[in-house]
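Student: I would like to learn how to read buried and exposed residues, salt bridges and chain interfaces in a model. Could we work through them one at a time, with the general idea before the case?

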Protein chains: 2
Amino acid sequence: VVLTQQRYPVTRLPFSVVSSEDLAAFERILPGGVVTDPEVLEASNVDWLRTVRGCSKVLLRPRTSQEVARILRYCHEKNLAVNPQGGNTGMVGGSVPVFDEIILSTTLMNRVISFNSVSGTLVCQAGCVLEELSRYVEERGFVMPLDLGAKGSCHIGGNVATNAGGLRFLRYGSLHGTVLGLEVVLADGTVLDCLTSLRKDNTGYDLKQLFIGSEGTLGVITAVSIQCPPKPRAVNVAFLGCPGFAEVLQTFSSGKELLGEILSAYEFMDAECMWLVTHHLRLASPVQESPFYVLVETSGSRAGHDSEKLSDFLEQALSSGLVTDGTVATDQTRLKALWALRERISEALSRDGYVYKYDLSLPTERLYDLVSDLRARLGSQAKHVVGYGHLGDGNLHLNVTSEAFSPSLLADLEPYVYEWTARQRGSVSAEHGLGFKKRGVLSYSKPPEALRLMQQLKALLDPKGILNPYKTLPAQA
Amino acid sequence: VVLTQQRYPVTRLPFSVVSSEDLAAFERILPGGVVTDPEVLEASNVDWLRTVRGCSKVLLRPRTSQEVARILRYCHEKNLAVNPQGGNTGMVGGSVPVFDEIILSTTLMNRVISFNSVSGTLVCQAGCVLEELSRYVEERGFVMPLDLGAKGSCHIGGNVATNAGGLRFLRYGSLHGTVLGLEVVLADGTVLDCLTSLRKDNTGYDLKQLFIGSEGTLGVITAVSIQCPPKPRAVNVAFLGCPGFAEVLQTFSSGKELLGEILSAYEFMDAECMWLVTHHLRLASPVQESPFYVLVETSGSRAGHDSEKLSDFLEQALSSGLVTDGTVATDQTRLKALWALRERISEALSRDGYVYKYDLSLPTERLYDLVSDLRARLGSQAKHVVGYGHLGDGNLHLNVTSEAFSPSLLADLEPYVYEWTARQRGSVSAEHGLGFKKRGVLSYSKPPEALRLMQQLKALLDPKGILNPYKTLPAQA
């Protein structure tokens, strides 16, 4: 992987360089928690998509918030830049250093602090892996309010820092609503304890909101308090084929009406996505070939009621021609197999060649027009132009593949995709964040007044700019 | 009503005094929208609880965000203090001036800007009355995600500015999750347009969150974009008598289990609340006398399924002795009558004498202990010590009445109630906010580091402090 500083036009800011004196100081703060082994560092310097690469010489693994506080106090004083890192599963190069920033990993901060089995409130350290938390709360009759493909590696602290969306957003909403409290260490080492477990608290400004989605640029999240909903007693998944995108939308309306409060996911993918997962991953399509496919999930408290609602919905969808073929799963194994068709598209894409990734919010009725537009625009330059995503949330994952990275293809994609999105008042990053790779496109979705206020907030909370530099906000002119 | 500046130890900050030159300037910005008639001003100077009173000499009624921007730009330049005012239904004196602040009313900003009848996204000006918005969206098959007793007067802008909780919080969650976008005018007149209608947008910091719950001290909300859930096709209300508070809690657990996703409200009130509404308001209790009462609401998409769930729940609650008597309503009239028993407690209290009001978040298992504690502590000093509220959210409304205001009773209540709450890591203002009357108690629920950051945010966004002064944050030392 090419070094980020070689591929991208970016200049190192005048931070200090880590000295042996600094390493000795870190060793005093974190005995045994200072890693300088180049082989270990390699994995933390490169993002999982293998598109960006830093050259950090040191990785720190604190176990407590107090250790994080002491590290940041030291770095702040010495003007050392810090790259907070969770599971390193981000899509936009936000979780790895750009130059030689110190990597501050939450890997060893993986303790559950408390769980209230009546209210479902989980309090845990930031480095807990999402899938492990899921297992923990499911054993106790609850579920995590978020789920995403990267669950096996991503950390809850990183999820909150990036305001992760994912597969349960339609049902349980945004982390801005489900996160009850945070503990955050500020750039100067101050520990900000907003780790409440209360559902309601209107005493002053809701400070935790500032850090949700700030991608580690305003503070380091060290602990999270989150509201877990009760585990649904019945889960059904229907996988359906639709003859056109208009039918995908109408099926969604019908699902909202007939499934009501038990509708928990409405995902879509086009025929090219199905081609990719069947060819590259050897998955089998469970339904007849169709231009579009949708995955409908219901989650409810009473199996009999849920299946009645679901069969009424399916009957109407089939008899009205909105859906041409379909299958339903209720047991865990088949349910996971159907979800895999949708969840593994990203993996199939990466086997297809170089991938240009876009994560957009658009008005649902225009959502697929961009895919069709681009397919015509790019012609044979692209191997595949595919659209899939969280239709229920208006969130399109638009991906284009080519044999190898091509500057001319890129020039046909950008700024075209961003301008198209901006004309619809859409978002150029629905759930992936901006990180390093998208920080230049913020202004397609936000006015100059908003950008100015973001820069003022950054200056207030991190006046030396040591926290995750070169990320989220555009480079200052 | 005694002037606030006479009853409370508060000193006017060195803002300018409105001059006739200023009035002429306002008249140029808002032809016909400048009110100086003392009779009209009277209603805007006094809060609806009739406990605080300002002496503002001018009320401004803009119709557009641009007018608000021009007013604030002028006031900022001239160092004139401004009190933003919506429906003036707040509980903590946040919506009226303390001294002679200019009252900036959203009354004429009452236009619906757009409604998407597929997605349920409503965009409207800040001065729309909540009940009118409810009617508007219900005619189109949706409901507002919040509802509260003051709906007939409160403005959506004020709801958002105070992060109002209310009766649907259990089901639809906080405004931090349901508000999609805001337009805000900053202290210097800058219009911050974050009025998106997208469900997901991770382009930079989520600035709108700063203003939700900031009580008009960081900016003036001029327009709101909010996600409305589909209107439930079936609504049921059960009103039940419980033999003790332990049974109130167990009935809640049972309701969560058996009603699942259709449980939309779980409210409780004690026997003294029932006494107040039956005696002062002549309402009739629909069930036998009990130490506690609960109101359980279900909202769902299918009447048959919902009533099956509800009857199973009721059967279990009655047969296990958790509930000793109960009644169920499905038609609008009876449903409203049952809700009135709970919603009108506040009104009944105000007829009982002077009311000391507390709005606390507490761990549910300890929630009623404070009421019992206080009843013993106050003895015959108090007429009534009552507890009611949103049990499902851990939110207790604790109210004490006496014949007239009594400093010695107050001294027995405060700081006792706040210290008790702080020991449980509760919130001393769950949903009412701090406004003028509670701004001194913030530190019972927030650490000094949080208070400092709030003050820094205030200084950043409103360096001259002209927006709603003397509110939310404690007076600077």
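Student: Is A:Arg342 buried or exposed, and what is its relative accessibility?

Tutor: The general idea is that a residue counts as buried when its relative accessible area is under 20%. In this predicted model, A:Arg342 has a relative accessibility of 6%, so it counts as buried. A:Glu267 is buried as well, at 2% relative accessibility.

Student: Which residue forms a salt bridge with A:Arg342?

Tutor: To read a salt bridge, look for the closest N and O atoms of the two side chains, which must lie within 4 Å. Here the partner of A:Arg342 is A:Glu267, and the closest N and O atoms of the pair are 2.7 Å apart. Because A:Arg342 belongs to helix H13 (residues 332–343) of chain A and A:Glu267 to strand S11 (residues 263–270) of chain A, the pair ties together parts that are 75 residues apart in sequence.

Student: Where do A:Arg12 and A:Asp100 lie, and how many residues apart are they in sequence?

Tutor: These two form a salt bridge, with 3.0 Å between the closest N and O atoms. A:Arg12 sits in the loop between helix H1 (4–7) and helix H2 (20–29) of chain A, while A:Asp100 sits in the loop between strand S3 (82–85) and strand S4 (102–105) of chain A, so parts that are 88 residues apart in sequence are tied together by the pair. A:Arg12 has a relative accessibility of 28%, and therefore counts as partly exposed.

Student: What is the relative accessible area of A:Glu139?

Tutor: A residue counts as exposed when that value is over 50%, and A:Glu139, with 61%, is therefore exposed. The side chain of A:Glu139 meets that of A:Arg140 in a salt bridge of 3.5 Å, N to O, and A:Arg140 counts as partly exposed at 35% relative accessibility. Salt bridges can also be linked in a network, as they are for A:Asp147, A:Lys151 and A:Glu343. A search of the whole structure gives 44 salt bridges over all chains.

Student: How many helices and strands are there in chain A, to step back to the whole chain?

Tutor: Chain A has 18 helices and 16 strands. With a radius of gyration of 23 Å, close to the 23 Å that the globule rule gives for 477 residues, chain A is as compact as a globular protein of that length. Of those 477 residues in chain A, 61% are buried. If we take the contacts in chain A between residues at least 6 apart in sequence, 74% of them join residues at least 24 apart.

Student: How many residues of chain B are in contact with chain A?

Tutor: An interface can be read from its contacts and from the area that it buries. In this case 82 residues of chain B are in contact with 81 residues of chain A, and the two chains bury about 6500 Å² between them, 55% of it on carbon and sulfur atoms. Within chain B, the residues that lose the most area to chain A are B:Lys200, B:Asn202 and B:Tyr205, which together account for 16% of what that side buries.

Student: How many salt bridges are there between chain B and chain A?

Tutor: The count is twelve, and one of the salt bridges joins the side chains of B:Asp312 and A:Arg302, at 2.7 Å from N to O. Across this interface there are also 44 residue pairs in polar contact, both residues being at pLDDT 80 or more.

Conventions: Residues numbered from 1 in each chain as written. Chains lettered and ligands numbered in written order. Predicted model: local features only at pLDDT ≥ 70, side-chain atom pairs only at ≥ 80, totals over all residues. Heavy atoms only, no water. Contact = heavy atoms within 4.5 Å. Buried area = accessible area lost by both parts, 1.4 Å probe. Polar contact = N/O pair within 3.5 Å; in protein donor to acceptor, adjacent residues only side chain to side chain. Helix = DSSP H or I, 4+ residues; strand = E, 2+ residues; numbered from the N terminus. Rg over C-alpha atoms; globule rule 2.2 N^0.38 Å. Buried < 20%, exposed > 50% of the residue type's maximum accessible area, 1.4 Å probe, protein only.
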